[in-house]
Every structure is written in structure tokens, then in C-alpha cells.
Amino acid sequence: MMRTVFFKKALAVAASAILASAFLTVKADEGMWLPSLISQRIGDMQAKGFRLSAEDIYSINQASLKDAVVLFGGGCTGELISSEGLLLTNHHCGYAQIQKHSSVEHDYLKDGFWAMDRSEELPNPGLEVWFLDRMEDVTGAVLDGYEPGMTEQQRDSVVRTNSEAIAGKAEKDGTGLRADVESLYYGNQYFLFVYRVFKDVRLVGAPPSSIGKFGGDTDNWMWPRHTGDFSIFRIYADKDNNPAEYSENNVPYIPKKYFKISLEGVSEGDFTFIYGFPGRTQEYIVSEAVRYISEISDPHKIALRTLRLDIQDRYMSASQTVRIQYSSKNAAVSNSWKKWQGEMRGIRKMNTVETKKENERLFEEWAAGSEYSGIVGRLDSLYRLMEPYAFAADYYNETARAIELTSFAAEYARRLEKAAGVSSPDEATQARESAKRLAAAFYKDYYMPIDKESFIALMDMFDRNIPSGFKPEYFTESMGRYGSAEAWADSLFGNSVFSDSSALTKTVAAACADEVGTDITLLTDDPAVEFGNEFRKWYMEGIRSVVQRLGSEITLLYRDYMKGHMEFNKDRAFYPDANLTLRVAYGSVQGYSPGDGTYYLPMSTIEGIMQKDNPDIFDYNIPQRLRDIYAEKDYGEWTVTDASGRLTVPVCFIATNHTSGGNSGSPVINADGDLIGINFDRVWEGTMSDIVFDPDLCRNISLDIRYVLFIIDKVAGAGHLIDEMTFTD
């Protein structure tokens, strides 16, 4: 009997391990792989059609494809396409720069911008691009001095001290270097990333928003797409080709590597890979975390942003000036708003919470009696403790921090307070100038009626949905004093000196009468400053501190949980969650079926643009030049013939590459390593891929490089830029 029971238990454990492995196996085309370790995947890549070597993708001994890819502006990707520093990224990645250069007289958002020679290229102070110089596993060096008996605080101290020393040493190896040590797999591994940073990056070209943002929020995250989402910049360097601050004496950067361009196009089934900087994924979080995201966090954040977008859209549609002022802000609010909707639906459709629960049950069964026993239960308990604080943090970010005037006022006052606290006249002047620049940027793109209506709507939602025990005392007292959010808004916006730029200038002039010090008391009692400071104090002291404490405990458990999973599934190839470091993702051009009876083809053409064209709708009102070209079928050398024999121009395509935020602007490359497109989005049904990847639905959307060239040549008349490029066919 004992033997029979043991045998049955052994079979059950073995079956559980097999089933768990099935749950956890990396699905087809899933994964964001470290370039320095791509040799571990190159066999699979080559089996799927790739014709280059691992050394061609990443090398520290010779120029490789990594040297043609940059982190653009701190949150996007870009790629080099000429020997003279010409760089491609998305229109939405360059949007802030295009908007800053725009005015009613020179509306580059509406009309586009094209530098017809180098002297017309526009500088962008503050814009940086980062090339990855090298990356290496430094786990041993980071943990040098750590002993198993140490507390977690002692371990953190060892990691922090060693990481700073490693990064500091790396930055001394050359000009313009920055280095970071990043944690992977929740602290089970550490990698050093060394970047070369260029600060002179100039705007060269951008199509009008009616091309670069065609379809607007309606088409965002959707397929089929017809958006010409690209912009062009140029990197400049000093005479020795080294990074340098902006100077008229700088010259175009000569890259180690740039992409050759293929005009061959794509067909369904073609191999594709993406090289870029995906921002953040959470593929390994437990079911309790996924439940909070899909059932609580996403729905509430969607509702709050819907209120803001409705208010913005109403005013933007009534005024060209307001439209220019709020175009970038509106796009930023809308992007996550729509993504969260797709993410929430995708998680529910895949039954992700229940699937993960079953996976966790099997893991716990395997882990019984080991050092990993009980980890899932402890994680669940911590998540339940954190939930009301995480919810309050979400609401703070989407309500109080979203009020433009109060956020600006509090930050402005902090900068003047810094000026008041220094004894050096130079330091005081610098702090005041910093505040002055902040004010200039703020008032240029500020429209009070939008902000005031948003204040009323968001404070009403805060009052309705935040439990009484979590509300700031300041909020409760203010709502009691004024009786309504409307009356509170009337008082705050009516009495704040920050509501009027000229009034602020006079007040600050009085406050800064002293040559060194600053009488900050003239501003600290302002109602806008008070709002920003009081909410921030509530968040920092009562919410953030708890979230951080519980988050640290959760992260610590994830380190063991991740380690346990790697032991439990030794045959699985794990990839680290995205953290805005350079990654490779590969797949193929492929359509998909979002629902019964529907199949989306993987390519779109100019015919789709004309079918959507509508002069009465801003997002679908294409330039007349494009209509004329279409009417005459004057496509030039960018003409292709489709399967029916029709002459057309390709616009976008979709593929199975695993991408995330940060991959915007990433080069899409064919089996020979040549550029065929620019990644810019994902399909709405697959936006849950940051948490769970579905090979049937998850598709990245890319702009066909031939449409980019068509716009540059036929619409913009900027063929001189094409002359810089190198073509393979």
C-alpha cells in the first residue's frame, strides 16, 4: 500500500510538472532577448529564416547592428539610415519637438516640416540619443561582499555600492559615456549597460499630422492602420566625431553602422526582427497582481482619463490655438487610455487570472517542503495589503497630479525655495532662471478653462471613489469649506497668482528683490501651491511609503519565486522583463483573427487612406497633395503591383514580434538585416502582451519603409534625403 501511494504521488507530481511547463513555455515568437546573449537564440532565428550571425546582431569587436540603434529621447527608439547621422523614429516620438517649434504662423504639426539643406535643420535643447556601447553580466561583481547571513538591507547596500562603483568606472573609459547597472529577473542577475550619449540632435523632417498622426485616437492601437508615423532627425558631433553640446561648429555624426534599406517589401510569413528599447513588461507577476490590474486599476484609470479627454477634445475642436497647445498633451493622455482598454479586455479574454492561479497551484505542489514553499501565498497576502494603497496611488497620479496649474505652481515654488536656501548669488540666479524657463514652457501651452473643468471632474471622482479613511485631511476640509468641487475650483483658480503669468511675474519680482535670497513666503500661501504641496505630502507620507515598503517585500519574494520557476522549468528559455534596455524580438509577418468570421490581412495600402479620407474630420483630412497624387496614380518608383494587378503604395504591415512601449520607432529588419519598416504600435486586441503574450492575437504594427520614402519624395519633395540612403535592391 505504501508503495502504491508513493507511486501515485510521484505520477501526480510528474504530471503537474509537465502541465506547469506547458503553462510556462515561451510561446511562438514571444520574448525580448538580450543582444549579448542572442547566440542562445540564433539557432531558432536561423531555423525561421534569418541569414545573419549572432556577431552581426551584437558585437563589441566590430561594428554590428546594435551600433545603428539608439534610445531616442529617453522613451523611444531610433535608427541610423545614412553615413551622415540621419535618424528615423516615429512621428509621435518626435511630436514634442515638432510641437515646440510650431506656432500659429509656422504650424509644423499641421503643415509638416522639411529642412531643404543642413542650415534649416532645427536644434532641440534637451533632446538626447543614447547608443549602447556594450553590455555585460556583472552579477558576480555586484554581489561581491554579500554573505548569505546578511539582512536584505545589508544586501541592498552591497548591491548599491558595487553598482555605483562599476558604473562610475565604466563612464571614465571614454567621452560622453553613461553607465547603469540594471537588475534582471528581480535581482537574480545584474547587467552593466554602457551608453554613448549625443546631445546635439536636430529636426530634419516631419510629415503633417494628417499623415504622421492619420486616424488620430480613433485608429490608435487598431488594425488596419494607415498612419505615416515617422519623423527624421540628424545627430551632430564635434570635429572628432565625439558627443558634444549643441554648437554651430558641430558636424553630422559618422556612425559605426547604419541600416541599408530594402525595397523588396514583405509577404505573409516573412521573417522579421525588431531591435529596440522596450519599456516595461510584467510577464512573471502572480494572479493577484493581474487581477488588480484588470479588474480595478485599469477600469478606474480609463474612466478618469475619459473625463479629461472629453474636456480637452471639446476645446481643441473649437480653437486652432488650443489644438496646437494641447495636441501633445492630448496624445499622451489618450495613448495609455486606449492601451489600458485593450489590455483589460485581453487579460479577461485569455482568462489570465485563472490560468495563473492554476500555474501557481502546480508550482506550490512542486515546491512543497522546499525553500520555495508558500511563496505564492505570501505574495497574495502582500498584494491584498497593498491594494487600497495602490488604488490611492493610482488616483493621486490620475487626479491631483493631472491638474496642470497646481502641479506647475508647486514645482515653481520649490525652485524658488531652492534659490532662497543658497548663499551663492550664482546658484540663486541659476535656480531662478530654472523657474523662469519652467514658467515660459508652461504658459505657452496652457489653457485655463480646460484645467479648471478637469479639476472639477477629477475632484468629484476622487471624493466619490477614495474611501474616507484614505482621503487627505486637506481635501476633506476643503470640500467641507466650499461645499462642492465647483466652488473650490472658483476660489482656487480665481485667487491663485499662478492663474495669470503677468501677476506671477510681478509677485516674483517682489519676492526676489534681495540680490541673493528669495522671500518664498509670498508664494507658499498661494492656493495652487498649497493644493500641490498638501496632496504631495499626503501621497509621500501616507501612501507612497507604504507602497514602497510592501513593494520591497514583494520584490524580495519575486526574487525567490523567479529562481524557483527557473529550477522548476529548467528546459525553458526565460527572457528578462523589459526595462528600457536594448532587446531583440523576432517573428514573422502574419495576419490574425480578432473574432469569429473575421481575418485581418497583414498589409495595408494607400487605398485604405483614400477610403478613410474625410475633409470634415480633422484626423482623416489628408493633404490635398496626397489626393492629387492618388488621383493621377503618380507614385513614381514607389509603385508596387498587388495580387489583383492594381498599382498601389504599401503603407503598414503587422507581424508577431513581441514589443512594448519604448519600441516605438524601432527598426523592423528582414532576414538579411536590412530595414523594411519602423515599428510604431500594437493591435488593440494584443495590448495585454506586457503581461501575457497570445501568439494568436499579439501583433506589432509597423510602417512600411516604402511609404516613408514615398512621402519624403512625392509629398515633401525632399529627395535629397533619399540620396543619403543606401539601398540593397
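Q: Is Trp221 buried or exposed in this predicted model?
A: Trp221 sits in the loop between H9 and S10. Its relative accessible area is 6%. Buried means under 20%, so Trp221 is buried.

Q: What is the value of phi at Trp221?
A: Trp221 is a residue other than glycine. Its phi is nonetheless positive. The value is near 70°.

Q: Which peptide bond is cis, with omega near 5°?
A: Look in the loop between helix H9 (216-219) and strand S10 (231-237), where Pro224 has its place. Trp221 lies in the loop between H9 and S10 too. The cis bond runs from Trp223 to Pro224.

Q: Where is Tyr186, and what is its phi?
A: Tyr186 is found in the loop between S7 and S8. Its phi is positive, in a residue other than glycine. That phi is near 60°.

Q: How does Tyr186 count by its 22% relative accessibility?
A: Buried needs a value under 20%, and exposed one over 50%. Tyr186 has 22%, which lies in between. Tyr186 therefore counts as partly exposed.

Q: What span should helix H7 have, at 1.5 Å a residue?
A: Helix H7 covers residues 152-171, which makes 20 residues. The expected span is 1.5 Å times one less than that number of residues. The end C-alpha atoms of H7 agree with the expected span, because both values are 28 Å.

Q: Within what arc do the buried residues of H7 fall?
A: Arg155, Val158, Val159, Asn162, Ser163, Ile166, Ala167 and Ala170 are buried in H7. Seen down the helix axis, they line one face, because they fall within an arc of 145°.

Q: Which residues are exposed on the other side of H7?
A: The buried residues of H7 line one face of the helix. They pack against strand S6 (129-137), helix H6 (139-142), strand S7 (177-184), strand S8 (189-198) and helix H21 (527-568). On the other side, the exposed residues are Gln153 and Glu164.

Q: Which residues is Pro208 in contact with, leaving aside its neighbours within four places in sequence?
A: Pro208 has its place in the loop between strand S9 (200-206) and helix H8 (209-212). Pro208 is buried, with a relative accessible area of 8%. Its contacts are Leu109, Lys110, Asp111, Gly112 and Pro623.

Q: What separates the C-alpha atoms of Pro208 and Asp704?
A: Along the chain, Pro208 and Asp704 are 496 residues apart. In space, their C-alpha atoms are separated by 18 Å.

Q: Which residues does Arg291 contact, leaving aside its neighbours within four places in sequence?
A: Arg291 is found in helix H10 (residues 287-316). At 23% relative accessibility, it counts as partly exposed. Its contacts are Ile296, Val353 and Glu387.

Q: What separates the C-alpha atoms of Arg291 and Met344?
A: Along the chain, these residues are 53 residues apart. The separation of their C-alpha atoms is 9.7 Å.

Q: What is the volume of the largest cavity?
A: Rolling a probe the size of a water molecule over the atoms shows where empty space is left. The count comes to one cavity of 30 Å³ or more. The volume of the largest cavity is about 30 Å³.

Q: How do the lining residues of the largest cavity divide?
A: The lining is made by Asn657, Thr659, Arg682, Gly686, Ser689, Phe693, Cys698, Arg699 and Asn700. Gly counts as polar. The lining divides into two nonpolar, five polar and two charged.

Note on methods: Residues are numbered from 1 along each chain as its sequence is written. This is a predicted model: local features need pLDDT of at least 70, side-chain atom pairs count only at pLDDT 80 or more; totals for chains, interfaces and linings use all residues. Side-chain values use heavy atoms; hydrogens and water are left out. Helices (H or I, at least four residues) and strands (E, at least two) are DSSP runs, numbered from the N terminus. Buried means under 20% relative accessible area, exposed over 50%, partly exposed in between (1.4 Å probe, protein chains only). The arc is that of the directions from the helix axis to the C-beta atoms. Contact means heavy atoms within 4.5 Å. On a 1 Å grid over the protein atoms alone, a cavity is a set of points where a 1.4 Å probe fits but cannot get out, and a pocket is an open set with protein on both sides within 12 Å along at least five of seven lines; lining residues have an atom within 4 Å of a point. Grid points are joined across faces, edges and corners, and a volume is the space filled by probe spheres set on the points.
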